Amino acid sequence: MKVSFKVNGKPTTVDVAADMPLLWILRDVLDLKGTKFGCGIAQCGACTVHVKGVATKSCQLPASRLAGADVVTIEGLTPDGGHALQQAWIQHDVPQCGYCQAGQIMSAAALLAKKPRPTDADIDSAMNGNLCRCGTYTRIRAAIHTAAGTATTDGAANGSRDE
């Protein structure tokens with residue numbers, strides 16, 4: 001089936017099986033490799049992208065539901081990696097192996113778009129669907145606070161390596 005939608009602001013038409021997940025359209029058809037395959041059952045969040053502004057697990061979204069959608073991947077967050085979250089991720093040395101980070105950042109970006117000054121509880125709730133095998137959750141929370149301009153010096157959001 002042919003389906004037309006936008007990817008990172010650019011109109012796109014692909015001719016794929018109706019049940020092909022968005023993840024494979026992005027990676028294999030459009031050669032956008034930033035979105036990662038993790039569990040394949042929408043449980044780990046490595047494949048998170050924005051669809052119509054909502055953090056969405058792309059491994060479970062079939063092509064048949066993409067018509068007219070506006071999809072943003074990690075490549076489309078900013079053209080140069082200068083998004084506040086990406087800079088905060090660097091500042092707090094968030095990545096370990098880095099595999100889950102694109103999905104983590106996309107979930108965090110959706111959170112900040114919806115709630116620009118999130119609390120720890122807001123962050124924990126929004127990031128609950130993104131798993132990090134390296135356990136960098138404390139740094140992820142600190143980076144989100146920094147990007148939101150809510151960083152504190154009490155240790156909760158200071159980028160401490162104590163996790």
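Two strands pair if DSSP finds at least two bridges between them; helices (H or I, at least four residues) and strands (E, at least two) are DSSP runs, numbered from the N terminus. The model is a predicted one, in which local features need pLDDT of at least 70 and side-chain atom pairs count only at pLDDT 80 or more, while totals for chains, interfaces and linings use all residues. Residues are numbered from 1 along each chain as its sequence is written, and side-chain values use heavy atoms, with hydrogens and water left out.

**The hairpin**

Select residues 48–51 (strand 3) and 54–57 (strand 4): these strands run antiparallel and are joined by four bridges. Within this pair, Val49 stands opposite Thr56. Two residues lie between the strands of this hairpin, and Lys52 in the turn has a positive phi of about 55°.

**The sheet**

Next, add residues 70–72, which are strand 5; strand 3 pairs with strand 5 in the antiparallel sense over two bridges. Here His50 has Val72 as its bridge partner. Now display the whole open sheet, whose five strands follow the order 2-1-5-3-4 with mixed pairing. Strand 2 (10–15) and strand 4 stand at the edges with a single partner strand each, so one side of each is left without a neighbour in the sheet. On average, neighbouring strands of this sheet are turned by 40° against each other, direction ignored.

**Helix 4 and the sheet**

Select helix 4, residues 101–114. Helix 4 lies across strands 3, 4 and 5 and runs at about 35° to strand 3. Axes are lines fitted to C-alpha atoms (for helices, over the stretch in contact), and angles run from 0 to 180 degrees between N-to-C directions.

**Helix 4 with helix 6**

Add helix 6, residues 137–148. Helix 4 and helix 6 pack at about 40°, with their axes 11 Å apart. The contact (heavy atoms within 4.5 Å) is made by Gln104, Ala108, Leu111 and Leu112 of helix 4 and by Ile140, Ile144, Ala147 and Ala148 of helix 6. Its residues divide into seven nonpolar, one polar and no charged; Ala, Val, Leu, Ile, Met, Phe, Trp, Tyr, Cys and Pro count as nonpolar, Asp, Glu, Lys and Arg as charged, and the others, Gly among them, as polar.

**Helix 3 with helix 6**

Finally, select helix 3, residues 84–91, which packs against helix 6 at an angle of about 135°, with the axes 8 Å apart. Ala84, Leu85, Ala88, Trp89 and Gln91 in helix 3 meet Ile140, Ala143, Ile144, Thr146 and Ala147 in helix 6. This contact comprises eight nonpolar, two polar and no charged residues.
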